[in-house]
Amino acid sequence: MNRIVLALLRSRWQAAVPGLCALAFLGRRTGRPVTLPVQYAREDDQLVVLAGRAADKQWWRNFTQPHEVGVLVDRVTYEGIGRLVPVGHPGRIAAERAYGRRHPHVRISRDDPLIVVTLSSDGVPSAEPKRSGPVGEPSAPAGLRLWGQWWRWTTLGEAAGFCVPAAAGAIASDASTAIAWPMLVAAGTAEGALLGAAQAHVLARVMPDLRPRRWVAATAVAAGFAWMLGLLPSLVAPRVGFSPAVAGLAAVDGVLVLLSLGTAQWWVLHRHVTDAWKWIPATAAAWLAGLAVFFSVTMPLWQPGQSPLLIAGIGVLAGLLMAGTVAAVTGWALVRLLR
């Protein structure tokens, strides 16, 4: 029966099976291609698929983590990312409502698996949906495409965000500590908000149930906290002087700075991805590498007596290289998390 329905979906008589589309993907464990007809509801660039009588089926378990899928709708092929939306997930209620509007006579129970497919490409006329790459992970082109999108948006977000504390530092260079310190922390929070917004733009495409506002808020708060910790040594050292205890506290402070952003983002990410804890060391390593690039560029180039324009130009160059480094490392980590 599935073969007959699939043949109709690929033919000019696809109108004979309304409300059905074809899904094509690779089994996570077997690596074998699977193509099957399913009933669906569409909302803009998302499809909602119900796996009825789930106890008798196994295919929907491939989508317990984000998984590439090809979709054939009205003889047009799309590529997308499918994700199981169980009870308790933020997107569950919206998915049930979308499906109920399209199929009002179908009852959805709490145990019925719902898969939300976010379409990630323009439709191409075709008789066969494209299948994903190797066993349970993005194919090389898809993984590279996700990495490229993440790298571009994260680089842009961090580069734009870094301009805010840079400008605040220039404005507050002659101000008292009581004024400069809160100003820089606020500017760092704004930097985090811009970075989080850029990253959430990409994550929303592969995690349809992720709430972008949570990601932006977590990133902004963590960035402000990191700036606060980063400024502490400059406030404490002049008052108490250098000592082994101060050096030890500064080392602990540095570790907390590196872990702060990844930990805050993990709080959002662990609801959607298994092994999300790996994001914390990956993000710490990314920022450690980014800061190393920044200082390796600025330290030899910044010299006394330079014009403010030259100093700013060197800072912009180093900031771009830092942002690109952070984006490259975290993008690699994201692709591996979504395998």
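Q: Where does G157 lie?
A: G157 lies in helix α3. Helices here are DSSP runs of H or I with at least four residues, strands are runs of E with at least two, and both are numbered from the N terminus. This is a predicted model, in which local features need pLDDT of at least 70 and side-chain atom pairs count only at pLDDT 80 or more, while totals for chains, interfaces and linings use all residues. Residues are numbered from 1 along each chain as its sequence is written, and side-chain values use heavy atoms, with hydrogens and water left out.

Q: How many helices and strands make up the secondary structure of the protein?
A: The protein has eight helices and seven strands.

Q: Why is G157 called buried?
A: The relative accessible area of G157 is 5%. Buried means under 20%, exposed means over 50%, and partly exposed is in between, using a 1.4 Å probe and protein chains only. The value for G157 falls under the buried cut-off, so the word applies. Across the 339 residues of the protein, 46% count as buried.

Q: What is G157 in contact with, leaving aside its neighbours within four places in sequence?
A: G157 is in contact with L194, L195 and A198, where contact means heavy atoms within 4.5 Å. Q199 is 42 residues from G157 in sequence, and their C-alpha atoms are 7.6 Å apart.

Q: Why does T155 count as buried?
A: T155 has a relative accessible area of 10%, which is under the cut-off, so T155 is buried. T155 is also found in helix α3. Not counting residues up to four places away in sequence, T155 touches W150, L320, A323, G324 and A327.

Q: What makes D44 exposed?
A: D44 has a relative accessible area of 70%, which is over the exposed cut-off, so D44 is exposed. D44 sits in the loop between β2 (33–43) and β3 (46–50). Its phi is near 55°, a positive value in a residue other than glycine.

Q: Why is L269 said to be buried?
A: L269 has 1% relative accessibility, so the buried label fits. L269 belongs to helix α6. Leaving aside neighbours within four places in sequence, L269 is in contact with M207, W215, A276, W279 and L337. M207 is 62 residues away in sequence, at 9.7 Å from C-alpha to C-alpha.

Q: Why is the pair of W59 and F63 called edge-to-face?
A: Rings of Phe, Tyr and Trp (its six-membered ring) pair if their centres lie within 6.5 Å; planes under 30 degrees apart count as stacked, over 60 as edge-to-face and the rest as tilted. The centres of W59 and F63 are 6.3 Å apart and their planes stand at 80°, so the pair is edge-to-face. Both W59 and F63 are buried.

Q: How do you know that W150 and W279 form an aromatic pair that is edge-to-face?
A: Their ring centres are 5.9 Å apart, with 85° between the planes. These values meet the distance and angle rules, so the name holds. The pair links distant parts of the chain, with W150 in helix α3 (residues 140–171) and W279 in helix α7 (residues 279–301), 129 residues apart. Both W150 and W279 are buried. Elsewhere, ring pairs link F162, F294, F295 and W302 into a cluster. By the ring rule, the count comes to eight aromatic pairs.

Q: How do you know that R42 lies over the face of Y78?
A: R42 is at 5.0 Å from the ring centre of Y78 and lies over its face. A charge sits over a ring if NZ of Lys or CZ of Arg is within 6 Å of the ring centre and within 35 degrees of the ring normal, so the distance passes.

Q: What lines the largest cavity?
A: The lining is L195, Q199, L261, Q265, W279, T283, W287, V326 and T330. On a 1 Å grid over the protein atoms alone, a cavity is a set of points where a 1.4 Å probe fits but cannot get out, a pocket is an open set with protein on both sides within 12 Å along at least five of seven lines, and lining residues have an atom within 4 Å of a point. The largest cavity holds about 40 Å³ of space. α7 gives the most to its lining, with three residues.

Q: Which residues that line the largest pocket are the closest to its centre?
A: They are F162, E191, W227, L291 and F294, out of 37 lining residues. The largest pocket holds about 1,100 Å³ of space.

Technical notes: Points joined across faces, edges and corners; volume = space filled by probe spheres on them.
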